[in-house]
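Work through the exercises below with the coordinates open. Each task is followed by a solution in steps.

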Amino acid sequence: RAVAMSVSHSSRLNKLVREQYMRLPQDGRVQVTYVWIDGSGEGVRCKSRTLDKEPKSIEDVPEWNFDGSSTAQAEGSNSDMFLVPVCMFRDPFCLDPNKLVLCEVLKYNRKPAETNLRHTCKKVMDLVKDSHPWFGMEQEYTLLGINGHPYGWPDNGFPGPQGPYYCGVGADKVYGRDIVESHYKACLYAGVKICGTNAEVMPSQWEFQVGPCEGIEMGDHLWMARFILHRVCEDFGVVATLDPKPMTGNWNGAGCHTNYSTEEMRREGGLKHIEAAIEKLSKRHDYHICVYDPRGGRDNSRRLTGHHETSNIFEFSAGVANRGASIRIPRQVGQDGCGYFEDRRPAANCDPYAVTEAIMRTTVLNETGVETKDYAAH
């Protein structure tokens with residue numbers, strides 16, 4: 001008996017009919033899809049408008065607005081929010097010359113919305129630009145059926161124990177590769193700096209990597225890669241969750257490991273700068289845990305248990321090639337004496353702007369304690 005897959009109704013619509021319309025010419029006009037982060041700090045929203053000609057730079061894309069009361073970002077009595085375009089990509093769904101545009105959200109008084117963490121991240125990245133910070137973030141996610149059950153798992157019961165699934169090949173090892181490969185191609189087309197992908201340790205869990213990106217570009221490109229993932233999953237009728245521990249029990253959680261270096265770390269003899277940065281991070285563990293998921297560490301506490309390739313949330317640790325440590329120095333970096341290190345604490349649903357900003361505040365701006373400094377006057 002064929003097992004009915006749990007996919008959305010809209011994914012079963014006839015896509016060939018849609019293709020007929022998608023091939024129609026646009027008469028020189030362009031669809032621009034504005035993308036922004038909503039009031040949850042995790043969800044993305046979008047809406048589209050027509051421009052009379054193709055925008056060549058972000059400056060050619062006008063500001064817009066939306067109803068913040070419908071995205072948990074404003075009261076109904078004063079609900080207009082501003083969308084300020086900050087980064088433009090090619091549109092892999094409507095194709096050239098159409099665009100995807102990532103936006104910052106400002107409130108009615110032009111102050112950043114509470115979940116607009118890009119605003120302060122940009123200030124910090126501008127301050128530290130001479131150190132040329134490079135980031136690469138490894139985004140883990142889990143595919144779910146529309147019923148909330150991991151995609152491809154038995155309706156009643158569980159798949160076999162973890163072991164054969166990581167970087168696996170074969171219908172009994174991996175589920176949903178079509179989605180993963182479609183997402184990869186869509187990101188390449190869009191101009192997102194995606195640099196790889198692999199099946200993860202838990203079945204139906206996958207990872208893609210974005211980077212190296214310098215400064216604010218890291219958050220911009222990871223958020224757009226997430227938007228594209230959700231949009232691809234919509235076409236296939238399944239859901240991608242960034243929950244850090246989607247399945248309780250003896251299953252791996254989902255993180256967003258963050259690889260980081262400055263110019264001096266990448267140079268010959270850079271290991272001493274890596275070790276100095278790790279020492280600073282060791283003294284500010286609580287602050288970092290608080291900003292490494294959207295709920296002040298509560299989400300990550302389900303994942304960072306000291307088991308399933310994680311460190312313990314209450315302890316800071318570092319080591320060469322140690323996947324059970326807070327900070328891992330890759331073995332090759334130890335041998336070369338320079339390179340980068342990996343912060344394994346950020347949760348899959350972290351805001352990359354918050355993570356990269358925190359790392360710069362601690363390792364370059366030498367902040368200590370749980371309070372952050374306001375550099376607005378500088």
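## Exercise 1: A helix pair

The axes of helix α2 (residues 118–127) and helix α10 (residues 352–363) come within 9 Å of each other and cross at roughly 35 degrees. The model is a predicted one.

Task: Find the handedness of the crossing of α2 and α10, and list the residues that make the contact.

Solution.
- Step 1. Two packed helices are described by the angle between their axes and the distance between the axes.
- Step 2. The crossing of α2 past α10 is left-handed.
- Step 3. From α2, the contact uses Arg118, Thr120, Cys121, Val124 and Met125. From α10, it uses Tyr353, Thr356, Glu357, Met360 and Arg361.
- Step 4. Sort these residues by type: five are nonpolar, two polar and three charged.

## Exercise 2: Domains and cores

Task: State the domain bounds, then place the largest nonpolar core relative to the domains.

Solution.
- Step 1. The domain assignment gives domain 1 (9–115) and domain 2 (125–364).
- Step 2. The centres of domain 1 and domain 2, taken over C-alpha atoms, are separated by 26 Å. Their contact takes 22 residues from domain 1 and 23 residues from domain 2.
- Step 3. The largest nonpolar core holds 71 residues. Tyr141, Leu143, Val192, Phe208, Met224, Ile228 and Phe341 have the most contacts inside this core.
- Step 4. Helix α4 (residues 217–236) supplies the largest share of the core, ten residues.
- Step 5. Both domain 1 (9–115) and domain 2 (125–364) give residues to this core, so the core lies between them.
- Step 6. Now take Leu143. Not counting residues up to four places away in sequence, Leu143 touches Pro150, Tyr151, Tyr175, Gly176, Ile179, Ser204, Trp206, Cys233, Val238, Val239 and Ala240.
- Step 7. A second, separate core has 15 residues, including Tyr34, Trp36, Trp64 and Leu83.

## Exercise 3: Backbone exceptions

Task: Locate two cis peptide bonds that precede Pro97 and Pro212, then place Arg110 and His308.

Solution.
- Step 1. Most residues other than glycine have a negative phi, and most peptide bonds are trans.
- Step 2. The bond from Asp96 to Pro97 is cis, with omega near 5 degrees. Pro97 sits in the loop between β4 (80–90) and β5 (99–106).
- Step 3. The bond from Gly211 to Pro212 is also cis, with omega near -5 degrees. Pro212 belongs to strand β8 (residues 205–214).
- Step 4. Arg110 is not a glycine, yet has a positive phi of about 70 degrees. Arg110 is in the loop between β5 and α2.
- Step 5. His308 is not a glycine either, and has a positive phi of about 55 degrees. His308 is in the loop between α8 (298–301) and β11 (318–320).
- Step 6. Check accessibility. Arg110, at 41%, counts as partly exposed. His308, at 23%, counts as partly exposed too.

## Exercise 4: Three residues in context

Task: Is Ser6 buried or partly exposed? Ask what His288 touches and what Ala347 touches.

Solution.
- Step 1. Ser6 is in the segment before α1 (15–22). Its relative accessible area is 22%. Buried means under 20%, so Ser6 is partly exposed.
- Step 2. Ser6 and Val238 are 232 residues apart in sequence, but 7.7 Å apart in space, C-alpha to C-alpha. Beyond four places in sequence, Ser6 touches Gly145, Ile146, Asn147 and Gly237.
- Step 3. His288 lies in helix α7 (residues 285–291). With 0% relative accessibility, His288 is buried.
- Step 4. Beyond four places in sequence, His288 touches Leu281, Arg345, Ala358, Ile359 and Thr362. The C-alpha atoms of His288 and Ile329, 41 residues apart along the chain, are 18 Å apart.
- Step 5. Ala347 is in the loop between β13 (341–343) and α10. Ala347 counts as buried, at 0% relative accessibility.
- Step 6. Beyond four places in sequence, Ala347 touches Pro244, Ala254, Gly255, Cys256, Tyr292, Asp293, Asn300 and Arg303. Ala347 and Ser77 are 270 residues apart in sequence and 35 Å apart in space, C-alpha to C-alpha.

Methods: Residues numbered from 1 in each chain as written. Predicted model: local features only at pLDDT ≥ 70, side-chain atom pairs only at ≥ 80, totals over all residues. Heavy atoms only, no water. Axes fitted to C-alpha atoms, helices over the stretch in contact; angles between N-to-C directions. Helix = DSSP H or I, 4+ residues; strand = E, 2+ residues; numbered from the N terminus. Left-handed = near helix turned anticlockwise from the far one by under 90°. Contact = heavy atoms within 4.5 Å. Nonpolar A, V, L, I, M, F, W, Y, C, P; charged D, E, K, R; others polar. Core = buried A, V, L, I, M, F, W, Y, C linked by side-chain atoms within 4.5 Å. Buried < 20%, exposed > 50% of the residue type's maximum accessible area, 1.4 Å probe, protein only. Domains from an automatic or database assignment.
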